[in-house]
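Colleague: I'm new to reading structures, so please pick the strands and give me a close look at how they are put together and what goes with them. Take it slowly, in plain words.

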Amino acid sequence: MPDPVAERRGAYWREGVLYQVYPRSFADQDGDGIGDLEGLIAHLDHLEWLGIDAVWLNPITVSPDRDMGYDVADYTAVQPCFGTLETVDRLVAEAGRRGIRVLLDLVPNHTSDQHPWFEDARSARTARHRDWYLWRDPSPGGGYPNNWVSHFGGPAWTLDEGTGQFYLHSFDPGQPDLNWRNREVAAEFDRILRFWFDRGVAGFRIDVAHGMVKDRLLRDNPPASAEDPPRIRAHGQRMLYNFDQPEVHDVLRRWRRLADTYNPRRVLIGETDVADVERLRRYYSEGDELHLAFNFPFMHSPFRADALQAIAEATQEAMHPHGWPVWTISNHDVSRFPTRWCGGDPRKVRCALLLLLTMCGTPVLYYGDEIGMPDTEVPFEAMLDPIARRNWPQRKGRDGARTPMPWSAEPGAGFTRSGVKPWLPLGDWRACNVADQRADRGSILWFTRDLIALRHRLEDLHGAEWDRLLAPPGCWGWRRGQKTLVALNLSDSAAVIDGVAGTILIGTCPDRAEMTPAGRLELRPWEGAVVALGRSEPQADRRG
Ligand code: GLC
Ligand code: MG
């Protein structure tokens, strides 16, 4: 039975704000330089103060860390540097007392090569777990079984000398892909999901949710063409046969049925890095697959009004009626938005936060977004990401977006003890940290908190009602519900939006709380505002 209160008010994962915690970098309680679950528990008050409804934690399970936890060696035990199962239980309880749910990361596409399943599988062609992975003979000339490439660079196949066959790895060679056509694999994952759901975990973010099942014939991928986006051109091929296969949806439907047997129902959020929003829609299906499917075209868009608007509107269109959009502007795999989108300009940072938190759909903040934390320069010697270590200097890797949370201006940034070397270098923590921003009512941190509070308070920001506003070039605006309007000027020149009368509820320029009396909204360069509409109506162009 679904929770009736949540049903009436709408679920937290639709109306609330989610927050991604990268556990290694959130807070180090035991002083080993690596963030841990005790550190997270100790900082739950920050998340409660901010108004967060749920956290998603990157993997906390046992791993040799070839890919920072995404190479799992035991799905139901906690990596010792993070804590124990008992710490997870306490985290769930302590977060729950503050109205915060805990979601974990599930990594079903591949395991670590040090997982006992793979260690057994590679021991002999006849091994018990052999068929749990994808093995193929060398092609007649002795070459790779097909032309697939790894996301981390190089071929997606590695020869296992001992048994003379190649195994598939869509990522690092230390991450062999599971064979999802094997029923025992599926049954084992049901058990893993239940294990965590039974402990009170509220749901999962599913890693590579569009990737689990591969083409049965392992057909070659077609080459990338000049029209493909740079992300595809970089791989030299369209990943047509190893990702986004129809059978993936069977797995997701199976998990959705399982998640729905719990009370409250558990939530599934997918990492669905697919080509366009029309393909994205399929991951919601008839409302019987994922609750939320991450929107990569939006995150990878340039920070331009026309580009963002086009993707947002296509998403809105595609989602109807079963889907519900989810928006992210940073995560552990890409450059942080204050660097990538804003070049460090605080006006732009505020605009990005304003749009993220007032769009129609669920916003997900990445730790540090709330203070406008930029990327950190990480010297090559300090880099741990396999992407950087393999492809330097062509690909810079992801470490710069994964550095420790700056909590204060003290030595160690309040992340770890003074004198302890953190696992990745600290950024400029004296310039940007939580404590200093908390002491400044005009800071980005308070702005983020005010936006979240507004989102919780305004009914208009909860529903699916959404209308495009006619706005001059460089501007983007929309109306939510009956009375709430959002307008942004993402350009270097001042702009006017006519026919708007009302009161500014929150704006990126703190010195401007008043509307002009003439029914016009004047926006400075890189200014945005949320307006409670009064007398006259905006020129809204009604959409389905
Ligand atoms: C996902 C994760 C990324 C990881 C990869 C392989 O894309 O977000 O961090 O490297 O999967 O598991
Ligand atoms: Mg620690």
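Modeller: One definition before we start: a helix here is a DSSP run of at least four residues and a strand a DSSP run of at least two, and both are numbered from the N terminus. Also keep in mind that this is a predicted model.

Let's start with the sheet of 8 strands. The sheet is open, its pairing is parallel, and the order of its strands is 11-10-9-5-2-1-13-12. Strand 11 and strand 12 stand at the edges with a single partner strand each, so each has one side with no neighbour in the sheet. As for what holds such things together, strands of a sheet pair through backbone hydrogen bonds, either parallel or antiparallel.

Now zoom in on strand 1, which covers residues 18-21. One of its partners is strand 2 (residues 54-57), which runs parallel to strand 1 and is joined to it by 4 bridges. In that pair, Val21 stands opposite Leu57. Another partner is strand 13 (residues 362-366), again parallel, with 3 bridges to strand 1. Here you can find Gln20 opposite Tyr366.

Which way do the side chains point? In a regular strand they alternate between the two faces of the sheet. Strand 1 is covered on both faces: Leu18 and Gln20 are buried on one side, and Tyr19 and Val21 are buried on the other.

Move along to the edge at strand 11. Strand 10 and strand 11 run parallel and are joined by 2 bridges. Gly270 is the residue that stands opposite Ala293 in strand 11.

The loops around these strands have some quirks. As background, most residues other than glycine have a negative phi, and most peptide bonds are trans. Look first at the loop between helix 9 (248-259) and strand 10 (267-270), where Pro264 sits. Asn263 and Pro264 are joined by a cis peptide bond, with omega about -5°. There is another cis bond between His320 and Pro321, with omega about 0°. Pro321 belongs to the loop between helix 12 (305-319) and strand 12 (326-328).

Then there's Val208, in the loop that runs from strand 9 (203-206) to helix 8 (230-233). Its phi is positive, near 45°, though Val208 isn't a glycine. Is Val208 buried or exposed? Buried means under 20% relative accessible area, and Val208 is at 3%, so it counts as buried. Ser285 tells a similar story: its phi is near 50°, again positive in a residue other than glycine. You'll find Ser285 in the loop between helix 10 (277-281) and strand 11 (292-293). With 14% relative accessibility, Ser285 counts as buried too.

Strand 5 of the sheet also leads us to an empty space. Rolling a probe the size of a water molecule over the atoms shows where empty space is left. A search of the whole structure turns up 4 cavities of 30 Å³ or more, and the largest has a volume of about 80 Å³. Strand 5 (101-106) and helix 7 (183-198) each give at least two residues to the lining of the largest cavity. Strand 5 gives the largest share, 3 residues. Among the lining residues are Leu104, Asp105 and Leu106, along with Ile192, Trp196 and Phe204. By type, the lining is made up of 8 nonpolar residues, 1 polar and 1 charged. Why does the largest cavity count as lying between two domains? Because domain 1 (4-111 + 268-455) and domain 3 (183-267) both give residues to its lining.

The second largest cavity has a volume of about 60 Å³. Its lining includes Tyr22, Pro23 and Arg24, as well as Thr61, and Thr61 also lines the largest cavity. The lining of the second largest cavity splits into 5 nonpolar, 4 polar and 2 charged residues.

Lastly, there's an open sheet of 3 strands, in the order 6-8-7, and its pairing is antiparallel. Strand 6 (135-136) and strand 7 (157-160) are its edges, each pairing on one side only. Strand 7 and strand 8 (residues 165-168) are antiparallel and joined by 4 bridges. To see that pairing on screen, find Trp157, which stands opposite Leu168 in strand 8.

Definitions and conventions
Residues numbered from 1 in each chain as written. Chains lettered and ligands numbered in written order. Predicted model: local features only at pLDDT ≥ 70, side-chain atom pairs only at ≥ 80, totals over all residues. Heavy atoms only, no water. 1 Å grid on protein atoms, 1.4 Å probe; cavity = no way out; pocket = protein on both sides within 12 Å on 5 of 7 lines; lining within 4 Å. Points joined across faces, edges and corners; volume = space filled by probe spheres on them. Nonpolar A, V, L, I, M, F, W, Y, C, P; charged D, E, K, R; others polar. Domains from an automatic or database assignment. Buried < 20%, exposed > 50% of the residue type's maximum accessible area, 1.4 Å probe, protein only. Pairing = 2+ DSSP bridges.
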